[in-house]
Amino acid sequence: MGAEIKGAIEYSKGLEGVIAALSSISYIDGSQGKLVYRGIPIEMLAKYSNYEETAYLLLYGELPTKEALENFTQQMKTFRILPKRVEDCIRELPPNPHPMDILKVAVAHTALYDPDRLRCCREGVMSKVIRIIAQIPTMIAYYHRARTGQDIVPPDPDLGHAANFLYMLHGKKPDKEEARIFDVALVLHAEHGLNASTFAAMVTASTLSDINSAIVSAIGTLKGPLHGGANERVLKMLDEIGTPDKAEEYVLNALSEKRRIMGFGHRVYKTYDPRARILKEYAEYLSNKYNDRRYIEIGERIEKIMIRELGKKGIFPNVDFYSGIVYQFLGIPRDLFTPVFAMARSVGWAAHVCEYVQNNRIFRPRAYYTGPDYVEYVPIDKRR
Ligand SMILES: CC(C)(COP(=O)(O)OP(=O)(O)OC[C@H]1O[C@@H](n2cnc3c(N)ncnc32)[C@H](O)[C@@H]1OP(=O)(O)O)[C@@H](O)C(=O)NCCC(=O)NCCS
């Protein structure tokens, strides 16, 4: 059996460099630090678009007309409400688990009340997809309010997707500028090719399972510190370092001990991540606005040291390095940074699932077998 497989398959650890699908959703030029959604540069979307419009673009393949955007935005607002039993369940969930685990439970639970729950990813699921994207922020905000003993704040139909989340989280309407910054952060996180969580969603969907299962797979995958969980750890590191003058010693020690600096490096980008560049500007802006430059100064010092030490290896800041500083100033609790990433990325997950299943083939790679060819079965009383 082993002999049959050996040598027959090209092996790429972590599927690095493997093309696993055709896609017209986004393109990353890792050497030039460029990212486009459906051909539109991320910088233009950050400047002119908002999350709802970007979500439409990713899901439907083109920018919406005014009327289409109004309908889509209205649909998202209508879908923000959670089934009563899911809301009750969220109130009852224990306050200690990581909110990413709560999100998995909430998305799985919502599926139980979905009249279309048995429809697989291939069967006209766009309204299901929009419902999930619209409901995730409500799930996160409700859980946070409940675990901190505060009243739940229902969604406000007068507010856009980003502003409404901040409102449900804090119980007061955000100022327009901060809502806009958060909106841009969501746009920047909305999509990123076949990253681990998107691929996990696609693998699940490729079995013709349902969209909720695909999103639950993706949430579990995004949770890990090598993926979406890095943003939360960046802030922890900045706190550990404490002051900019301690950054050099911290980074050099970490590197000599082969520890990774969170928020740096990327499988595809071998230069500055264009999303990090935009988020850095906002982190800088908010640090000045709040006259609190503690984090940005440590961050910028780490960036200099890392580029000096590892820039030649293509290690630069990624999207997670400055996003945490931005979120901190927007009053988002640290353990919600990764759920907020999930809330933004849900559209990328869904777009790839919908695209892939149209021309579906179940994912089924093989392992390069490295075990013995034949081992005799030894009865248990004869084993030593
Ligand atoms: C994102 C990440 C998983 C990509 O991993 P990858 O493509 O498998 O890259 P590799 O592990 O092959 O790294 C290449 C080299 O750079 C080093 N490197 C990569 N990221 C590093 C980091 N954040 N800190 C220190 N060194 C790093 C590796 O140690 C390796 O060095 P070596 O060639 O001497 O062994 C990796 O960069 C990482 O762990 N980053 C920190 C977590 C993070 O920020 N994740 C969010 C991603 S958006």
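Student: Starting with the hairpin of β1 and β2, which residue takes a positive phi?
Tutor: We're looking at a predicted model here. The hairpin of β1 and β2 has 4 residues between the strands. The one with a positive phi, near 70 degrees, is Gly 33.

Student: And in the hairpin of β2 and β3, which residue takes a positive phi?
Tutor: That turn has 2 residues between the strands. A positive phi near 50 degrees shows up there too, and the residue that takes it is Arg 38.

Student: How do the strands line up in the sheet, and which are the edge strands?
Tutor: The sheet is open, with 3 strands in the order β1-β2-β3 and antiparallel pairing. An edge strand here pairs on one side only. That picks out β1 (26-29) and β3 (40-41).

Student: How many bridges join β1 to β2?
Tutor: Look at the residue pairs: Tyr 27 sits opposite Val 36 in β2, and Asp 29 sits opposite Lys 34 in β2. The numbering climbs on one strand as it drops on the other, in keeping with β1 and β2 running antiparallel. The number of bridges joining them is 4.

Student: What stands opposite Val 36 in β3?
Tutor: Strand β2 (residues 34-37) runs antiparallel to β3, with 2 bridges joining them. One partnership is Tyr 37 with Ile 40. As for Val 36, the residue opposite in β3 is Pro 41.

Student: Moving on to the helices, at what angle do α15 and α16 pack?
Tutor: Two packed helices are described by the angle between their axes and the distance between the axes. For α15 (residues 294-310) and α16 (residues 319-329), the axes are 11 Å apart. Over 145 degrees counts as roughly antiparallel, and α15 is roughly antiparallel to α16. The angle is about 175 degrees.

Student: By class, how many residues of the contact of α15 with α16 are nonpolar?
Tutor: On the α15 side, the contact uses Tyr 295, Ile 296, Gly 299, Glu 300, Ile 302 and Glu 303. Helix α16 brings Phe 321, Tyr 322, Ile 325 and Gln 328. Set aside the 2 polar and 2 charged residues, and the nonpolar count is 6.

Student: How is α12 set against α16: roughly parallel or roughly perpendicular?
Tutor: The axes of α12 (residues 230-241) and α16 come within 8 Å. They cross at roughly 75 degrees, and 65 to 115 is the range for this class. So α12 against α16 is roughly perpendicular.

Student: How do the residues of the contact of α12 with α16 divide?
Tutor: Helix α12 offers Ala 230, Asn 231, Val 234, Leu 235, Met 237 and Leu 238. They meet residues of α16 including Asp 320, Phe 321, Gly 324 and Tyr 327. The split is 8 nonpolar, 4 polar and 1 charged.

Student: Is Gly 228, in the loop between α11 and α12, buried or exposed?
Tutor: Gly 228 touches Leu 222, Asp 320, Thr 338 and Phe 341, leaving out residues up to four places away in sequence. The relative accessible area of Gly 228 is 0%, and under 20% is the cut-off for this class. Gly 228 is therefore buried.

Student: Which helices do the buried residues of α10 pack against?
Tutor: Helix α10 (residues 196-205) is mostly covered, with 7 of its 10 residues buried. Among them are Ser 197, Ala 201 and Ala 205. Their packing partners are α11 (211-222) and α17 (337-358).

Student: What about Arg 275: which side chain does a polar contact of 2.6 Å join to that of Arg 275?
Tutor: Arg 275 belongs to helix α14 (residues 274-289), and this arginine is buried, with a relative accessible area of 2%. Beyond four places in sequence, Arg 275 touches residues including Leu 35, His 192, Tyr 269 and Arg 345. The polar contact of 2.6 Å is with the side chain of Asp 273.

Methods: Residues are numbered from 1 along each chain as its sequence is written. This is a predicted model: local features need pLDDT of at least 70, side-chain atom pairs count only at pLDDT 80 or more; totals for chains, interfaces and linings use all residues. Side-chain values use heavy atoms; hydrogens and water are left out. Buried means under 20% relative accessible area, exposed over 50%, partly exposed in between (1.4 Å probe, protein chains only). A polar contact is a pair of N or O atoms within 3.5 Å; within protein, one must be able to donate a hydrogen and the other to accept it, and residues adjacent in sequence count only if both atoms are side-chain atoms. Contact means heavy atoms within 4.5 Å. Axes are lines fitted to C-alpha atoms, for helices over the stretch in contact, and angles run from 0 to 180 degrees between N-to-C directions. Angles under 35 degrees count as roughly parallel, over 145 as roughly antiparallel, 65 to 115 as roughly perpendicular and the rest as oblique. Ala, Val, Leu, Ile, Met, Phe, Trp, Tyr, Cys and Pro count as nonpolar, Asp, Glu, Lys and Arg as charged, and the others, Gly among them, as polar. Two strands pair if DSSP finds at least two bridges between them.
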